[in-house]
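Q: Here is a structure to be labelled residue by residue. Please state the rule behind each label before using it.

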Amino acid sequence: MSVEAICEPDSPRAQWGVLRRRLLVIAALSLAPWLASCAPSGEDPASRLTWYAPETGEYRVGYLEPPWGLVDGSGTSAFLRIESTLMATAGLDAGEGKFELNVTVEPGAPTERIERELASARARGEAILFGPRAVALADGARGLELLTRRSDPIERYFRVVVAAVDGGRLVRLAFAATPPLDTAEVDAMIAQVEIGPES
């Protein structure tokens, strides 16, 4: 099936993908008060998020701090991380975090970009786990995502999401992690990302 067919909102595959994502997001948000550290009864889990948006306003991403932390935010890019156990216990600031998220704004269209992501993943020898497949972000924004796994030198999982902004540009969310990334928690983080301009 082509990427264009996956993007078509009326296709059964796209409808199932959006429904699945929404159900996972609802489940993740409903469980968040019990999974997070003692949120007061009735508190909206989204109210506990820290938000980052570039001054130019192409996107706004929310994250739970801790465990996530903003390592760098400059221009239209952001780098967030959950430290690895070694980083946290030994105070090291080198190597790969347990979870990482790079957000960038780039020229291009989502369908073309996700095809390049797919070709690059294959060239690196990564296993394609899911995708390309449709994904829903906040406020009805739609995008495409790809999930892959690298086995050497250590097992590492990747999840890339691309969504159109305006003027022939897109927002690219690139997750990398030691644990698998096809989880309700990551789904919920993606689902609340607001795509601009002026998110």
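A: Buried means under 20% relative accessible area, exposed means over 50%, and partly exposed covers what lies in between (1.4 Å probe, protein chains only). The model is predicted, so local features need pLDDT of at least 70 and side-chain atom pairs count only at pLDDT 80 or more, while totals for chains, interfaces and linings use all residues. Residues are numbered from 1 along each chain as its sequence is written, and side-chain values use heavy atoms, with hydrogens and water left out.

Q: Why is D166 called partly exposed?
A: Its relative accessibility is 31%, and partly exposed is the class between the limits for buried and exposed. D166 therefore counts as partly exposed. R169 falls in that class too, with a relative accessible area of 26%.

Q: What makes D166 and R169 a salt bridge?
A: A salt bridge is a side-chain nitrogen of Lys or Arg within 4 Å of a carboxyl oxygen of Asp or Glu. The closest N and O atoms of D166 and R169 are 2.6 Å apart, so the pair meets the definition. A search of the whole structure finds 15 salt bridges.

Q: How do you know that E96 and R156 form a salt bridge, and which parts of the chain does the pair link?
A: The N to O distance is 3.5 Å, so the pair satisfies the salt-bridge rule. E96 sits in the loop between α3 (85-90) and β5, R156 in strand β8, 60 residues apart. Helices (H or I, at least four residues) and strands (E, at least two) are DSSP runs, numbered from the N terminus.

Q: Are E96 and R156 buried, partly exposed or exposed?
A: E96 has 37% relative accessibility and so counts as partly exposed. R156 has 1% and so counts as buried.

Q: What makes R159 and E145 a salt bridge?
A: Their side chains meet at 2.9 Å, N to O, so the pair qualifies. R159 is in strand β8 and E145 in strand β7, 14 residues apart. Both R159 and E145 are buried. They also belong to a network of salt bridges that links R133, E145, R159, D182 and D187.

Q: How do you know that β7 and β8 pair?
A: Two strands pair if DSSP finds at least two bridges between them. Strand β7 (residues 142-150) and strand β8 (residues 156-164) have seven bridges in the antiparallel sense, so they pair. R150 stands opposite R156 in β8, and the bridge partner of T148 is F158. The two strands form a hairpin with five residues between them.

Q: What makes β8 and β9 a pair?
A: Eight bridges join them, and they run antiparallel, so the bridge criterion is met. V162 has R172 in β9 as its bridge partner. This hairpin has four residues between its strands, and G167 in the turn has a positive phi of about 55 degrees.

Q: Why is β8 called mostly covered?
A: Eight of its nine residues are buried, which means each of those eight falls under the limit for that class.

Q: What is the strand order of the open sheet, and which are its edge strands?
A: The order is β3-β4-β5-β9-β8-β7-β6, seven strands in antiparallel pairing. The edge strands are β3 (69-74) and β6 (127-136), each of which pairs on one side only. The twist averages 15 degrees from one strand to the next; axes are lines fitted to C-alpha atoms, for helices over the stretch in contact, and angles run from 0 to 180 degrees between N-to-C directions.

Q: Why is A176 called buried?
A: Its relative accessible area is 11%, so A176 falls in the buried class. A176 lies in strand β9. Leaving aside neighbours within four places in sequence, A176 is in contact (heavy atoms within 4.5 Å) with K98, F99, E100, R156, Y157, F158 and L181.

Q: What makes Q192 buried?
A: Its relative accessible area is 15%, so the label applies. Q192 is found in the loop between α5 (184-191) and β10 (194-195). Residues up to four places away in sequence not counted, Q192 touches L49, W51, R60, V61, G62 and A138.
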